[in-house]
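Open the model in your viewer and keep the selection tool ready. We will go stop by stop.

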Amino acid sequence: MNSIDVLVLNFEEVRRRSIKLWTSIPQEKLLWKPDNEAMSCIEMVRHVLESEHYYHLAIKNKGSLTDYDSPFEDQAYSTVEAELLTAAPYRLEFIETVQSFTDEDLTSIQIDRSDVGYIRNLGDMLLRIAYHESVHTGQLLDYLRTAKVTIPKIWD
């Protein structure tokens, strides 16, 4: 297994666990949030999916985008399944892009996000994308505990 295979495996495992959590959120709790400043559960799901799409485009651009049109922009919040359906073709493209890289690309390609405070190599950026989703998975676990929702065992 090479570095690219390990990265793809990590992306797939992180998403598998996220989906296990996301689909356990009762429909009546999708709009729940711990306070008025926080994202709701469904907003957080969309944030993760939308961010992955943005990051994919930023990687292809080798830096932050000056203009971004979200595929979710005109879609009302409804269900986790609807969010996943919207994201599915973009997820496939993202994974295919990751698979197109070489081990050398992971260190030689630089992603310039100096507008938000960093320039990192491609390998670092890909790890940041998976970490971003993982952080929000943990955040949603806390949301659901706070909302007294039974959470699934995602640590299988």
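Buried means under 20% relative accessible area, exposed means over 50%, and partly exposed lies in between. Keep those cut-offs in mind. Remember too that this is a predicted model.

**Stop 1: Lys62.** Select Lys62 in the loop between α2 and α3. Is Lys62 buried, partly exposed or exposed? Its relative accessibility is 46%, so Lys62 counts as partly exposed. Now check the backbone. Lys62 has a positive phi of about 60 degrees, although Lys62 is not a glycine.

**Stop 2: Asp69.** Stay in the loop between α2 (41-61) and α3 (80-100), and select Asp69. Asp69 has 61% relative accessibility, so it counts as exposed. Next, add Asp67, Glu73 and Asp74 to the selection. Together with Asp69 they form a negative patch on the surface.

**Stop 3: Lys148.** Jump to the segment after α5 (122-146), where Lys148 is found. What is the sign of phi at Lys148? Phi is positive here, at about 60 degrees, and Lys148 is not a glycine. With 74% relative accessibility, Lys148 counts as exposed, because the cut-off for that class is over 50%.

**Stop 4: Leu9.** Go to helix α1, residues 3-22, and pick Leu9. At 45% relative accessibility, Leu9 is classed as partly exposed. Add Met1 and Val6. These two and Leu9 make up a nonpolar surface patch. The accessible area of the three together is about 330 Å².

**Stop 5: Ser40.** Move to the loop between α1 and α2 and select Ser40. Is Ser40 buried or exposed? Ser40 has 4% relative accessibility, so it counts as buried, a class that needs under 20%.

Which residues does Ser40 touch, leaving aside those up to four places away in sequence? Show these contacts of Ser40:

- Leu30, Leu31, Trp32 and Lys33
- Tyr143

**Stop 6: a distance to draw.** Keep Ser40 selected and add Ile109. Draw a line between the two C-alpha atoms. They are separated by 36 Å. Along the chain, Ser40 and Ile109 are 69 residues apart.

**Look back.** Put Lys62 and Lys148 on screen together. Lys62 has a positive phi of about 60 degrees, and so does Lys148. Lys62 counts as partly exposed, whereas Lys148 counts as exposed. Then show both patches: the negative one with Asp69, and the nonpolar one with Leu9. End on Ser40, which is buried.

Note on methods
Residues numbered from 1 in each chain as written. Predicted model: local features only at pLDDT ≥ 70, side-chain atom pairs only at ≥ 80, totals over all residues. Heavy atoms only, no water. Patch = residues over 30% accessible without salt bridge, like charges linked within 9 Å, V, L, I, M, F, W, Y side chains within 5 Å. Areas by Shrake-Rupley, 256 points an atom, 1.4 Å probe, with all protein chains shown as cover. Salt bridge = Lys/Arg side-chain N within 4 Å of Asp/Glu carboxyl O. Lys, Arg positive; Asp, Glu negative; His and termini not counted. Charge placed at Lys NZ, Arg CZ, Asp CG, Glu CD. Helix = DSSP H or I, 4+ residues; strand = E, 2+ residues; numbered from the N terminus. Buried < 20%, exposed > 50% of the residue type's maximum accessible area, 1.4 Å probe, protein only. Contact = heavy atoms within 4.5 Å.
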